[in-house]
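Please open the coordinates in a viewer with residue selection and side-chain display enabled. The tour below proceeds by selections, each followed by a description of what is found there.

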Amino acid sequence: SLLLAMTNTSHADDNAVSKLPSWQQLEFEQKAFWATARSQLNIAPVAGKPDVWMLDVLSSVVDNSEQLKISFDAATGHVLSLSRVSRGKEQRMKAYQYETKFIVRERRTPPADTSAPPEQWPVARTNSVNYPASRGTTVVTSPYLLLILASQLQAQEPGKSIEVIVHTDLNFYRVKLTSGNGVPVKANFQVTGQDAVSGTFETNAVAIHASPEGKLEDKDDFSLLGLQGEIILLFDRNSGLPLQIRGEAPRIGSTEINLKSATLRAAK
């Protein structure tokens with residue numbers, strides 16, 4: 001299994017994400033003061049590439065939205081390419097190609113004719129970002145993919161842990177995920193094609209601890225769905241669905257993001 005492989009060896013080649021998670025799409029919601037933040041995640045295999053999966057993420061709060069497309073190695077969670085389109089007062093697209101020795105980072109800004117799709121916007125600048133020297137064979141991944149890795153880890157016995165390196169924009173973090181017993185969680189969410197689910201659920205927990213890998217090149221920007229600090233993901237013991245994510249939110253403090261809806265993957 002993925003986690004035993006990742007716990008017992010530092011060689012990425014020996015890791016294997018066993019299968020796609022039980023869900024195909026998740027929607028999370030966080031209400032704070034006057035605003036509601038929503039994030040929708042969709043995961044699917046890439047047609048014609050059995051070893052590659054794609055995670056699509058759409059996040060919005062008030063007038064700002066962000067869309068990410070992350071392709072990654074199904075065997076390890078290693079990110080292959082990532083694009084992020086931000087829309088608000090300004091629009092921009094950042095794209096990253098994860099080569100063997102470095103990351104190609106590209107920034108695009110919209111032309112006067114904003115109807116053009118982001119991938120056709122003119123390139124404003126391109127540069128390369130070197131991996132940290134201490135990386136070794138550790139898997140390099142993206143913050144949102146921690147949710148996939150945690151989904152695998154939560155099914156293991158408590159006390160199992162894995163380490164990955166997370167790349168944000170210019171920064172790298174060493175991230176440790178550790179499985180444990182969760183606390184009962186009150187949840188209320190919709191499963192597509194089924195009745196609404198509500199009640200108190202027993203959970204498995206995965207704790208995420210991030211620390212800078214080397215010197216930060218930019219301001220500290222590690223977060224998962226906007227949460228920082230010590231992040232805890234709580235998964236329903238039966239379905240494996242991530243019911244709640246706890247952490248620190250800027251200007252709010254300790255907060256939680258709750259599962260709003262889920263679309264389960266069709267059983268083959």
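**First stop: Arg105**

Select Arg105 and Asp169, whose side chains are joined by a polar contact of 2.8 Å. The model is a predicted one, and the distances quoted on this tour are computed from its atoms. Arg105 belongs to strand 7, which covers residues 102-108. Is Arg105 buried or exposed? Its relative accessibility is 9%, so Arg105 counts as buried. Now extend the selection to the surroundings of Arg105. Leaving aside neighbours within four places in sequence, Arg105 is in contact with Lys94, Ala95, Tyr96, Arg125, Thr126, Asn127, Val129, Asp169 and Leu170.

**Confidence along the chain**

Colour the chain by pLDDT before going further. The average over the protein chain is 88, and 92% of the residues score at least 70. Over residues 1-16, however, the pLDDT is below 50; this stretch has 37 contacts in the model beyond near neighbours in sequence.

**Salt bridges**

Next, display the charged side chains. How many salt bridges does the structure hold? There are 11 salt bridges, and three of them are visited here.

Select Lys260 and Glu29, which form a salt bridge with the closest N and O atoms 4.0 Å apart. Lys260 lies in strand 17 (residues 253-264) and Glu29 in strand 1 (residues 23-32), so this pair ties together parts that are 231 residues apart in sequence. The two partners may also be compared by accessibility: Lys260 is partly exposed at 38% relative accessibility, whereas Glu29 is buried, with a relative accessible area of 11%.

Move to Arg174 and Glu213, whose side chains meet in a salt bridge of 3.0 Å, N to O. Arg174 is part of strand 11 (residues 172-181), while Glu213 sits in the loop between strand 14 (203-212) and strand 15 (228-236), so the pair links parts that are 39 residues apart in sequence. Glu213 counts as buried, at 11% relative accessibility.

Then select Lys215 and Glu217, a salt bridge in which the closest N and O atoms are 3.9 Å apart. Both Lys215 and Glu217 are exposed. To finish this stop, add Lys31 and Arg38 to the selection of Glu29 and Lys260: salt bridges that share partners join these four residues into one network.

**Nonpolar cores**

Hide the charged side chains and show the nonpolar ones. The largest nonpolar core has 61 residues; Phe28, Leu55, Leu146, Val175, Leu177, Ile208 and Leu233 are those with the most contacts inside it. Which element supplies the largest share of this core? Helix 2 (residues 145-153) does, with 7 residues.

Centre the view on Ile208. Not counting residues up to four places away in sequence, Ile208 touches Leu146, Val175, Lys176, Leu177, Phe222, Leu224, Gly229, Glu230, Ile231 and Leu233. A second, separate core has 5 residues, among them Val85, Met93, Ala95 and Ala116. Ala95 has already appeared on this tour, as one of the contacts of Arg105.

**Strands 2, 3 and 4**

Switch to a cartoon representation and select residues 35-46 and 49-61. These are strand 2 and strand 3, which run antiparallel and are joined by 10 bridges. As a reference point, Ser39 has Ser59 of strand 3 as its bridge partner. The hairpin of strand 2 and strand 3 has 2 residues between the strands, and in it Gly48 takes a positive phi near 80 degrees.

Add residues 64-73, which form strand 4; strand 3 and strand 4 pair in the antiparallel sense over 10 bridges. Here Val61 stands opposite Asn64 in strand 4. The hairpin of strand 3 and strand 4 also has 2 residues between the strands.

**Positive phi outside glycine**

Remain at this second hairpin and select Val62, located in the loop between strand 3 and strand 4. The phi of Val62 is near 50 degrees, a positive value in a residue other than glycine. Val62 counts as exposed, at 54% relative accessibility.

For the last selection, go to Leu225, in the loop between strand 14 and strand 15. Leu225 has a positive phi of about 50 degrees although it is not a glycine. Is Leu225 buried or exposed? With a relative accessible area of 10%, Leu225 is buried, whereas Val62 is exposed.

Methods
Residues are numbered from 1 along each chain as its sequence is written. Side-chain values use heavy atoms; hydrogens and water are left out. Helices (H or I, at least four residues) and strands (E, at least two) are DSSP runs, numbered from the N terminus. Buried means under 20% relative accessible area, exposed over 50%, partly exposed in between (1.4 Å probe, protein chains only). A nonpolar core is a set of buried Ala, Val, Leu, Ile, Met, Phe, Trp, Tyr and Cys residues joined through side-chain atoms within 4.5 Å. Contact means heavy atoms within 4.5 Å. Two strands pair if DSSP finds at least two bridges between them. pLDDT is the predictor's confidence in each residue, from 0 to 100. A polar contact is a pair of N or O atoms within 3.5 Å; within protein, one must be able to donate a hydrogen and the other to accept it, and residues adjacent in sequence count only if both atoms are side-chain atoms.
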